Amino acid sequence: MSLREKIECEIRERGPIPFSRYMELCLYDPDEGYYSRNAEQFGKAGDFYTSSDVHAVFGRLLARQFDEIWRALDRPPQIEILELGPGRGLFARDVLDWSNKKFPDFFAALIYTLQESSPALQAKLQENLTEHVAAEKAYISGEARIARPQVGAGAPTCPAEQSSAPAGIHRRLTYHAPLIVFANEFFDALPVEILSLQGKLHLALENNRLQETCLPPLAAELEFLDRYSVHPEPGERIEVPILAQDWIRQIANSTTSAPLLLIVIDYGYTREQQLADRYRGTVMAYRHHSASPDPYQAPGEQDLTAHVNFTALAAACEQAGMRCEKLFTQSQFLMGIGEKNQFADAFEDCRLPQERAKVALQLKHLVTPAGMGENFQVLMASRGIEPDKVAALSGLLWNERR
Ligand SMILES: C[S@@+](CC[C@H](N)C(=O)[O-])C[C@H]1O[C@@H](n2cnc3c(N)ncnc32)[C@H](O)[C@@H]1O
């Protein structure tokens, strides 16, 4: 059964489905979802680039930052990094390789867990991290997706319905060990609801074709707009990323009294920016490096994303007892970490001037406003770590100076 048929089947059995369910099926249907069946979406031959596709320096600089965090925590004998949605694992490999080479004491204490829901990408992770997995330094965990009960009596015609709601954080170490949670371009890949003046967007079938329709929103969704976003004006669509809030709660519950530090890097916006009439409707589809606002063109064959609402994410962190730093850009973050040694981490493997020139361009792409530097924001939140220790991290220094 094709993904389109599966979606239609579900609508026939259950009635109109919310946009979040459509997005969930498109990305994470166990057989036909864009991420579940495909491991070739990254890089030049795929549909999009992420920072680790640009150059290993992204992971190397973060390894430097993680080592600093470990030292700020007085060098605990064990510390876990949990990466959410690691994709094919380039970032993890860069962090582990560089830590092994440059920060051996930190590396000795480190356990790196990769929580990836896509079976195709889990296989890629095994391949890309073979040595670290064999050495029991890296652990790959999937996500037990919860099967929702079948609707209606009689023999089911649709496959069992699955949910991508977080079934829990999978830590390797105990809840008493310090934890760093890292998520690069994870939150933008979570299903969202969409609200307009007409109501909450659903997908129905009309003459056997997918058709948009609106139903009344839930009180919690309207409350979300009141608190963290804006209400749509005529002709506008505003996203409600409730699932992202659930993930923050799960993250906060993944340690007891042990130190917890969360680093989220993603493209996104704040409520203030929405009030200034920006970022009102950010759902986009990506295929072969071109962007389209049409999420219905090729279900399962294109990436679907929504910008991250950082105001809501920060509020969820604070509600869970975490302390948030002021939002800053990827550019400020990487400049802060890299400037002390003039980004030596980037150039270490360069033998020839041409190689240096190429790496300088890649670094520029990661750091400058024209590249990914200003589009990507960094949210850092912590609990159980003295605030002055967090403020002294090199990744925050550039932020403080502005
Ligand atoms: C846009 S990709 C980012 C990949 C990687 N972080 C990078 O920067 O290259 C989003 C990733 O999140 C994963 N993902 C989405 N929902 C997930 C979930 N519930 N549990 C674990 N991984 C998930 C996807 O399968 C995909 O690998």
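User: Two strands count as paired when DSSP finds at least two bridges between them. In this predicted model, which residue of strand 14 is the bridge partner of Arg287?

Analyst: Strand 13 covers residues 284-287 and pairs with strand 14 in the antiparallel sense. Three bridges join strand 13 and strand 14. For Arg287, the bridge partner in strand 14 is Ser290.

User: Why is one side of strand 14 and of strand 15 left without a neighbour in the sheet?

Analyst: The sheet is open, with three strands in the order 14-13-15 and antiparallel pairing. Strand 14 (290-292) and strand 15 (303-305) are at the edges, so one side of each lacks a neighbour because each has a single partner strand.

User: By what angle are neighbouring strands of this sheet turned against each other on average?

Analyst: The strands in question follow the order 14-13-15. With direction ignored, the average turn between neighbours in this sheet is 30°.

User: On which side or sides of helix 1 do its buried residues lie?

Analyst: Helix 1 runs over residues 3-14 and spans 16 Å from its first C-alpha to its last, close to the 16 Å expected. Its buried residues are Lys6, Ile7, Glu10 and Ile11. These residues cover an arc of only 135° around the axis, so they lie on the same side of helix 1.

User: Which residues come nearest to the ligand?

Analyst: The shell around the ligand holds six nonpolar, nine polar and three charged residues. Of the 18 residues there, those that come nearest are Tyr35, Thr50, Gly85, Gly87 and Ser117.

Terms used
Residues numbered from 1 in each chain as written. Predicted model: local features only at pLDDT ≥ 70, side-chain atom pairs only at ≥ 80, totals over all residues. Near = placed C-beta within 6 Å. Nonpolar A, V, L, I, M, F, W, Y, C, P; charged D, E, K, R; others polar. Helix = DSSP H or I, 4+ residues; strand = E, 2+ residues; numbered from the N terminus. Axes fitted to C-alpha atoms, helices over the stretch in contact; angles between N-to-C directions. Expected span 1.5 Å × (residues − 1). Buried ≥ 20, exposed ≤ 12 C-beta atoms within 10 Å, placed from the backbone. Arc of directions from axis to C-beta.
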